[in-house]
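Here are some short exercises to work through with the model open in your viewer. Try each task before you read its solution.

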Amino acid sequence: MDTSVEDITQTDKKFLENLSGSGKSIGVLTSGGDAQGMNAAVRAVVRMGIYVGTKVYFIHEGYKGMVDGGDNIVEAKWENVSSILQVGGTVIGSARCQEFRTREGRLQAAHNLLTLGITNLCVIGGDGSLTGANIFREEWKGLLQELIEADKIDEKTADKYSHLNIVGMVGSIDNDFCGTDMTIGTDSALHRIIEVVDAIMTTAQSHQRTFVLEVMGRHCGYLALVSALACGADWVFIPESPPGDGWEDQMCQKLSENRARKKRLNIIIISEGAIDSYNKPITHHMIKDLVVKRLGFDTRVTILGHVQRGGTPSAFDRILASRMGVEAVVALLEASPETPACVVSLSGNQAIRVPLMECVQMTMEVQKAMDERRFDDAVKLRGRSFENNLNTYKSLSHMKPEGHGPPSNFTVAIMNVGAPAAGMNAAVRSAVRTGIAEGHRMLAVTDGFDGFMKGQIKEIKWRDVGGWTGQGGSLLGTKRTLPTKNPESIAEQIRLHNISALLLIGGFEAYLGLLELSAARAKYDEFCIPMVMVPATVSNNVPGSDFSIGADTALNAITDTCDRIKQSASGTKRRVFIIETMGGYCGYLASMSGLSAGADVAYIYEEKFDIRELQSNVEHLTQKMKTTVQRGLVLRNENCSENYTTDFIYQLYSEEGKGVFDCRKNVLGHMQQGGSPSPFDRNFGTKISAKAMKWISKKLTESYRQGRVFANSHDTACLLGMRRRTLVFQPVVDLKNDTDFQHRIPKEQWWLKLRPLMKILAKYKISFDVSDAGQMEHVDRRHMEHVDRQRTQDLKDASAI
């Protein structure tokens, strides 16, 4: 609920007064290579700064603009950052600056900042840009002294601006900065890559071709690895994990085997910085020549280049950058002279702060490990997410489908339940191939529990799921039928097919179905098997998981549509659009697409509203139309209110806005469920399903007694969900107390804490809770300790020789 300025809490007042009364201002700059989402970060910094009552300055052209001063440093107004959310690159410019590398250049930059009272810097760039900012900060007192001696400032000015605060945000499509799970721009770059791969796959299949794709990543193979995982590439080359001796024979054998199995195309993805185990470059030319010479395959090379940097930012990058921008301002407000320069990072779904130089040191350690050919250390230093991606890719792509290890004698069934969601097929593919690799016999159930009852069950093999990652919807078929309709038939089919475990991939119906199967164990022994559910629904309303497969794709579909709708108003001023989104009673899609599309308001069931708030929103938009930004965007979750329907809100806004603005409405409908899955959904589905199958294997072994599987404890019927920073298996019976069954939503939802950000960025004066702001954390040192131990051992070995 919106509040007046007088209603803001005492905590918020103290928070706001911390900077606004100090006379110090914030400068925001983008430096180094550009990345999609930088503009969203700039917008968030500017608007959050204005919200707390301080001046914010654009520093155009990065450090060069800081050194040159003059018109390069200008105060930013609210309207200056309107309509930049959907724009790629950086509207304030970025440039290399040799002058800033010198003491004289930094001295001039310090003088330019002091002239405007800027002693809080928000730097958006890569590790080089952030390291430069830290050097600037450490030299600040010395620079002030030099300026005093040169009679450019007086002692009073030096005392007033005695220290410089630095907060960084990493903008880099390569995701090459340690200390954060994702950098701004990476997800958008993956979107560009996957769009190209999907397009190439259609033409490659027509002609039975092999394609070699070179993606960016001079020092980091993240883009190559994740895009290979997302499209099911045959082979990938990355600098952190080069192929071993004889890789040429192994790759050609794999390509030949795939072609022999009637696979009509081969995809090889190579990072531009790819090397072999002797640190010698591997180029796309080498790969093409090898395939043509050895196999005679029709082979083409595609170099994506700067296409990966271009285009509109994804919904994920917009939300990430907006969260980081707001958090950066909060971090500057809370900084003291003793606070080290920090970077706002992402860990799981949590915004955290980490010391800048710890991150830079670990990033440098990765390159050092690669230079010294300690590639296992390089992979570990990249972090658990990178390591998991690599292991998952290897297990799904490099294992032989037949004859891999002894059979387990277990049969595992997989099914989709509920409404279709993009990414379900990637999850099925991952589960099937992981299960086969574990030695299980895999069965596919078509059409959910309805098909289960009818015996629509057949064996599914490794090659059957080839090419499934990029397919939208549910290739297995899915329905909303629940097992209580006919549990006897399901029990009979489990008995007939000797099913030892069950994997459900679906939404709230899958959750209810698993609860029903678990409860029916007392009556049917057939249900006493390990059962696990992976959440997949565009609504993101499954208890026990912060994210569901399919929600990111839907979010991007809504955001893209909102961009187009807003663009349509560019020629028609003073227009407000009311858009209805899916989600049932869950307001996730409306709220998060509101944040990513720059909506003025989003109405949801979880946050009650009345006619007074509707009137307040109309007045807010009326005031907005008097500025240079003469359009509005209002989102409404489909079940947010029984009486305040989309038509009602449209008619109310139309009536109250007469003479000021006109209205249009749009119900997005099932287009939110369709389309090719986003890179996030492909990879999330792939990794979470692989983990679910590993759990099944473990539980099967634990529950196998006297020639049969018997599992009836509550921890053998689980939901696997993302909770804050980790994937967690949770017994479904334990989640019942966390569930609002009437409205089919969790009782607590993490994303509700992000709703004030949307309102702040839309210029509402509201209460902002800073109690949950990110605290300073240290980079995980375990991998560093492992590297130090390895280095010590190497030195011992050398001295012994």
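**Exercise 1.** Find the residue just after H20 that takes a positive phi, and work out how covered H20 is.

*Solution.* This is a predicted model, and the angles below are computed from it.
- Step 1: Gly598 follows directly after H20 and has a positive phi of about 75 degrees.
- Step 2: Helix H20 spans residues 588-597, and 10 of its 10 residues are buried, so the helix is mostly covered.
- Step 3: Among the buried residues are Tyr588, Leu589, Met592 and Leu595, as well as Ser591, Ser593 and Ser596.
- Step 4: The cover over these buried residues includes the helices H11 (315-334), H19 (551-568) and H24 (755-761), along with the strands E18 (575-581), E19 (601-603) and E20 (631-637).

**Exercise 2.** Two of the elements that cover H20 are H11 and H19. Determine how H11 and H19 are oriented to each other.

*Solution.*
- Step 1: The axes of H11 and H19 are 8 Å apart, and the packing angle is about 85 degrees.
- Step 2: Angles of 65 to 115 degrees count as roughly perpendicular, and H11 and H19 are therefore roughly perpendicular to each other.
- Step 3: H11 brings Ala315, Phe316, Arg318 and Ile319 to the contact, while H19 brings Asp552, Leu555, Asn556, Thr559 and Asp563.
- Step 4: Sorted by class, the residues of the contact of H11 with H19 are 4 nonpolar, 2 polar and 3 charged.

**Exercise 3.** Helix H5 takes part in a crossing with H4 and in another with H12. Describe each crossing in terms of angle and residues.

*Solution, H4 with H5.*
- Step 1: The axes of H4 (residues 103-115) and H5 come within 9 Å, crossing at roughly 80 degrees.
- Step 2: H4 and H5 are therefore roughly perpendicular to each other.
- Step 3: On the H4 side the contact includes Arg103, Arg106, Leu107 and His111, and on the H5 side it includes Ile135, Phe136, Glu139 and Trp140.
- Step 4: The class count for the contact of H4 with H5 is 11 nonpolar, 2 polar and 4 charged.

*Solution, H5 with H12.*
- Step 1: H5 (residues 127-149) and H12 (residues 356-371) have axes that come within 10 Å and cross at roughly 135 degrees.
- Step 2: That angle makes H5 oblique to H12.
- Step 3: The handedness of the H5 and H12 crossing is left-handed.
- Step 4: From H5, Asp127, Leu130, Thr131 and Asn134 meet Leu356, Met357, Val360 and Thr363 of H12.
- Step 5: The classes in the contact of H5 with H12 are 4 nonpolar, 3 polar and 1 charged.

**Exercise 4.** Is Asn165 buried or exposed? Find its surroundings too.

*Solution.*
- Step 1: Asn165 lies in strand E5, residues 165-170.
- Step 2: Its relative accessible area is 9%; the cut-off for buried is under 20%, so Asn165 is buried.
- Step 3: Leaving aside residues up to four places away in sequence, Asn165 touches Thr119, Asn120, Leu121, Leu332, Ala335 and Ser336.
- Step 4: With one of these, Asn120, the side chain of Asn165 makes a polar contact through the Asn120 side chain, at 3.1 Å.
- Step 5: The C-alpha atom of Asn165 is separated by 9.3 Å from that of Asn134, and these two residues are 31 residues apart along the chain.

**Exercise 5.** Where do Gln208 and Arg373 sit, and what is the phi of each?

*Solution.*
- Step 1: Gln208 is placed in the loop between helix H7 (186-207) and strand E6 (210-215).
- Step 2: Although Gln208 is not a glycine, its phi is positive, about 55 degrees.
- Step 3: Gln208 is partly exposed, at 34% relative accessibility.
- Step 4: Arg373 is in the loop between H12 and helix H13 (375-382).
- Step 5: Arg373 is not a glycine either, yet has a positive phi of about 60 degrees.
- Step 6: With a relative accessible area of 45%, Arg373 is partly exposed.

Key: Residues numbered from 1 in each chain as written. Predicted model: local features only at pLDDT ≥ 70, side-chain atom pairs only at ≥ 80, totals over all residues. Heavy atoms only, no water. Axes fitted to C-alpha atoms, helices over the stretch in contact; angles between N-to-C directions. Helix = DSSP H or I, 4+ residues; strand = E, 2+ residues; numbered from the N terminus. Parallel < 35°, antiparallel > 145°, perpendicular 65-115°, else oblique. Left-handed = near helix turned anticlockwise from the far one by under 90°. Contact = heavy atoms within 4.5 Å. Nonpolar A, V, L, I, M, F, W, Y, C, P; charged D, E, K, R; others polar. Buried < 20%, exposed > 50% of the residue type's maximum accessible area, 1.4 Å probe, protein only. Polar contact = N/O pair within 3.5 Å; in protein donor to acceptor, adjacent residues only side chain to side chain.
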